[in-house]
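Subject: A structure for you to explore

Hello,

I have a structure to hand over to you, and I would like to share some notes on it. Please open it up and have a look around before you read on.

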Amino acid sequence: MPTGDPKTVAPERPLVGDLLGRLSLDLDAIGVLLGRDGANQPVLLRLFRPEPLAVAFVGDWWTTQVLLFRCLGQGARVAVEAVDAVNPAAAGTIATMAHWLALDRAAGGAGDRVWRSAYPGGDEPAGPTRPLLRLRDVGVHGPERRPPTRAWETQLTVLPRLTPAGVPVLAGADVVLAQRLTQPEAALVGSALGLARELWAPLAAMQPEMVAAFGGGSARYLWLTPTRLERQLFG
């Protein structure tokens, strides 16, 4: 896990040029904090909306915790579908169900902030003040199908790495988030999303505490800049 001062984190070479101003994702003042741009300005993504949203994330457990914690900070509840594997790496998942459920305590919950999904049994309907995040950690292939979702619900499919089997997950997502990837993985992102090389190639050069966001044919590269509390909770 990276330990340096987040203010000093910088790419090894310029990554984005004018890309920072070209992202067409729905960014506004009421979204979840994704990170900060090169000018140290906060960048927010509206992950919870009146219409259902599908999001895919390719990355590690630490970053997933930070992003999930920020969603919880916006009042979201999280219903988890995960493989109960002893060894997540062997199962192609990011974490075990027990690890996911432990985030409920980190968010001050009592089993009511993060829980094992009862879907399709019908969790409590979501709303603008209590949106629902359906998190799916089921392997590098992603879920076999996308379940129907309702207003103020967002489905987040997490992948520990990207293989050809996971490309349909990215192609079917409204928003794709990713950490630093290998060159072959970055090329798969570009292929899945139909992006120009200049938009996906920097994925292989990002620093560990960076995240990339793709949507609407555009890209944005950001620094996570975890807070003191996030570092205390997640290392």
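Below is what I found, one spot at a time. Please keep in mind that this is a predicted model.

**A charged residue on the inside**

Let's begin with Asp-137, which you will find in strand S6, residues 132-137. Which side chain of opposite charge is nearest to Asp-137, and how far away is it? The answer is Arg-161, at 9.5 Å. A salt bridge needs the two charged groups to be within 4 Å. Asp-137 is buried and has no salt bridge. Its side chain does have a polar atom 2.9 Å from the backbone nitrogen of Ile-94. Ile-94 also appears among the residues in contact with Asp-137 once neighbours within four places in sequence are left aside. The others in that list are Glu-81, Ala-82, Val-83, Thr-93, Ala-95, Trp-100 and Val-158.

**A threonine in a loop**

Next, go to Thr-96, in the loop that runs between helix H2 (88-91) and helix H3 (97-106). Is Thr-96 buried or exposed? Its relative accessible area is 11%, so Thr-96 counts as buried, the cut-off being under 20%. The side chain of Thr-96 makes a polar contact with the side chain of His-99, at 2.6 Å. Not counting residues up to four places away in sequence, Thr-96 touches Val-83, Ala-85, Val-86 and Pro-88. You may recognise Val-83, which is in contact with Asp-137 as well.

**A leucine in helix H7**

Now turn to Leu-233, which sits in helix H7, residues 228-234. Leu-233 counts as partly exposed because its relative accessibility is 36%. Try finding Leu-103 too: it is 130 residues from Leu-233 in sequence, yet the two C-alpha atoms are 9.6 Å apart in space. With neighbours within four places in sequence left aside, Leu-233 is in contact with Phe-69 and Ala-106.

**A cavity**

Finally, how many cavities of 30 Å³ or more does a search of the whole structure find? There is one. The largest cavity has a volume of about 110 Å³, and 13 residues line it. Those nearest its centre are Leu-47, Leu-67, Cys-71, Leu-156 and Leu-177. Several elements each supply at least two residues of the lining: strand S1 (32-36), strand S3 (53-58), helix H1 (61-73) and strand S7 (153-159).

Enjoy exploring, and do write back with any questions.

Best wishes

Note on methods: Residues are numbered from 1 along each chain as its sequence is written. This is a predicted model: local features need pLDDT of at least 70, side-chain atom pairs count only at pLDDT 80 or more; totals for chains, interfaces and linings use all residues. Side-chain values use heavy atoms; hydrogens and water are left out. Helices (H or I, at least four residues) and strands (E, at least two) are DSSP runs, numbered from the N terminus. Buried means under 20% relative accessible area, exposed over 50%, partly exposed in between (1.4 Å probe, protein chains only). Lys and Arg count as positive and Asp and Glu as negative; His and the chain ends are not counted. A polar contact is a pair of N or O atoms within 3.5 Å; within protein, one must be able to donate a hydrogen and the other to accept it, and residues adjacent in sequence count only if both atoms are side-chain atoms. Contact means heavy atoms within 4.5 Å. On a 1 Å grid over the protein atoms alone, a cavity is a set of points where a 1.4 Å probe fits but cannot get out, and a pocket is an open set with protein on both sides within 12 Å along at least five of seven lines; lining residues have an atom within 4 Å of a point. Grid points are joined across faces, edges and corners, and a volume is the space filled by probe spheres set on the points.
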